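Dear colleague,

Here is the structure I said I would pass on. My notes on it follow below the entry.

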Amino acid sequence: MSDFPGDPAFALQHMRPGTVLVSAQMMCCSTKMKNEFRDWSDIRVFLAVFREGSTLAASRKLGVAQPIVARRIDALEQAAGLVLFERDTRGFQPTDNARALFTLAERMEADAVELVKKAQDLSRPRPIRITAPENFGDTTMGIFSAFAAAHPGIAIKFEHSMQVLDLLKGEADIAFRVSNEDHDPELIQRKLGMDRFALYGSQDYANRYRLPLSQHDMTGHRFITFQNPHGPSHTHDWLVRHVSSDQIASSFNEMSMVDAAAKAGHGLAVLHTRYADNEAGLIRCSDPIEELSVAVTLLMSPESYRRPEVKTFIKFFAPRVTATFES
């Protein structure tokens with residue numbers, strides 16, 4: 001029996017004697033395609049009816065009314081100019097046309113599922129990859145923690161690297177650069193403030209050698225310096241211009257090692273004031289050395305800035321970091 005009165009099988013059961021039947025093959029040849037095969041939802045209905053064997057079972061599978069399923073099959077056949085199902089008492093039987101299209105329809109289904117999955121993945125906040133100098137987090141960790149508490153769904157991933165990562169190539173999303181050099185004009189740029197540097201020593205060093213009174217009182221003192229081919233060299237360059245080579249007690253390629261050596265009393269070090277002024281075990285020995293002041297700039301590619309989570313981070317983070325330079 002037919003599922004509903006509008007089904008051709010229903011008409012077959014109730015037709016008057018002498019009625020001439022039109023075969024599926026005749027219908028395919030005589031029916032013109034009225035529009036293009038465009039609606040993915042019709043393909044879903046086709047697959048459901050093909051797999052379930054009736055519009056009733058397909059409607060249950062799809063969660064829609066049976067008449068809607070029947071109408072969509074009729075519309076699909078009309079659009080394609082093909083008979084896809086023979087209607088009889090057993091339900092909807094796929095024709096050769098339907099079987100020829102089934103594999104292609106399944107491919108469309110797989111692609112549609114993959115498209116939805118990809119769209120969902122893209123819509124989820126991805127970790128924001130940040131590249132910054134080694135000790136940048138030491139002065140801003142409180143702000144990062146506050147951001148994490150305010151936006152628990154946005155993850156931050158640090159890419160600590162002395163090398164300058166290419167933001168336009170997607171090697172990182174955001175960069176904090178400490179440099180007075182001009183940056184790539186294609187990047188979105190926001191100056192946060194100026195990092196200032198001064199001489200620092202420890203109490204242990206003071207007990208053995210005394211601390212200098214200013215940057216001009218460096219004769220006879222020992223110094224620790226930072227040297228890394230991929231990192232900033234301005235503090236090292238300044239030191240070698242103002243002291244003799246035998247005053248350089250040690251050189252490290254990691255700032256953490258410079259800090260540790262200075263705290264242990266191995267020598268004096270040039271450190272940036274926002275970090276060292278708040279670090280236990282270090283004593284400032286000079287005013288900020290103006291010629292060592294460098295700009296701290298936030299950089300990102302236009303593509304990264306289009307991401308909602310990146311905009312949220314910048315709006316939260318940038319003004320708070322700027323305030324630390326002004327305090």
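Helix α6 has three buried residues to look at, Ala98, Phe102 and Ala105. These buried residues pack against α3 (40-52) and β2 (91-94). Please keep in mind that this is a predicted model.

Phe102 is also where α6 bends, by about 35°. On length, α6 covers residues 96-123, and at 1.5 Å a residue its 28 residues should span 40 Å; the end C-alpha atoms are 41 Å apart, so the two values agree.

Helix α13 can be treated in the same manner. With 19 residues (308-326) at 1.5 Å each, the expected span of α13 is 27 Å, and the 28 Å between its end C-alpha atoms therefore agrees. The bend in α13 is about 25° and is located at Phe317, with a proline, Pro319, following within four residues. Phe317 is itself buried. The other buried residues of α13 are Glu309, Val310, Phe313, Ile314, Phe316, Ala318, Val321, Thr322 and Phe325. As background, an α-helix has 3.6 residues a turn, so residues three or four places apart point the same way.

Next, the largest pocket. Its volume is about 860 Å³. It is lined by 39 residues, of which Pro133, Val178, Ser179, Gly231 and Pro232 are the closest to the centre. Two or more lining residues come from each of β5 (174-178), α9 (234-242), β10 (268-272) and β12 (294-300). Of the elements, β5 gives the most, with 4 residues. By type, the lining divides into 19 nonpolar, 13 polar and 7 charged residues.

One backbone angle deserves a mention. Arg210 has a phi near 75°, a positive value in a residue other than glycine. Most residues other than glycine have a negative phi. Arg210 lies in the loop between α8 (203-209) and β8 (223-226). Its relative accessibility is 39%, so Arg210 counts as partly exposed, the range for that class being 20% to 50%.

Finally, the chain as a whole. The protein chain has 13 helices and 12 strands. Of its 327 residues, 40% are buried. Among contacts with a separation of 6 or more, 74% are between residues 24 or more positions apart.

Regards

Conventions:
Residues are numbered from 1 along each chain as its sequence is written. This is a predicted model: local features need pLDDT of at least 70, side-chain atom pairs count only at pLDDT 80 or more; totals for chains, interfaces and linings use all residues. Side-chain values use heavy atoms; hydrogens and water are left out. The expected span of a helix is 1.5 Å times one less than its number of residues. The bend at a residue is the angle between axes fitted to the seven residues ending there and the seven starting there. Buried means under 20% relative accessible area, exposed over 50%, partly exposed in between (1.4 Å probe, protein chains only). Contact means heavy atoms within 4.5 Å. On a 1 Å grid over the protein atoms alone, a cavity is a set of points where a 1.4 Å probe fits but cannot get out, and a pocket is an open set with protein on both sides within 12 Å along at least five of seven lines; lining residues have an atom within 4 Å of a point. Grid points are joined across faces, edges and corners, and a volume is the space filled by probe spheres set on the points. Ala, Val, Leu, Ile, Met, Phe, Trp, Tyr, Cys and Pro count as nonpolar, Asp, Glu, Lys and Arg as charged, and the others, Gly among them, as polar.
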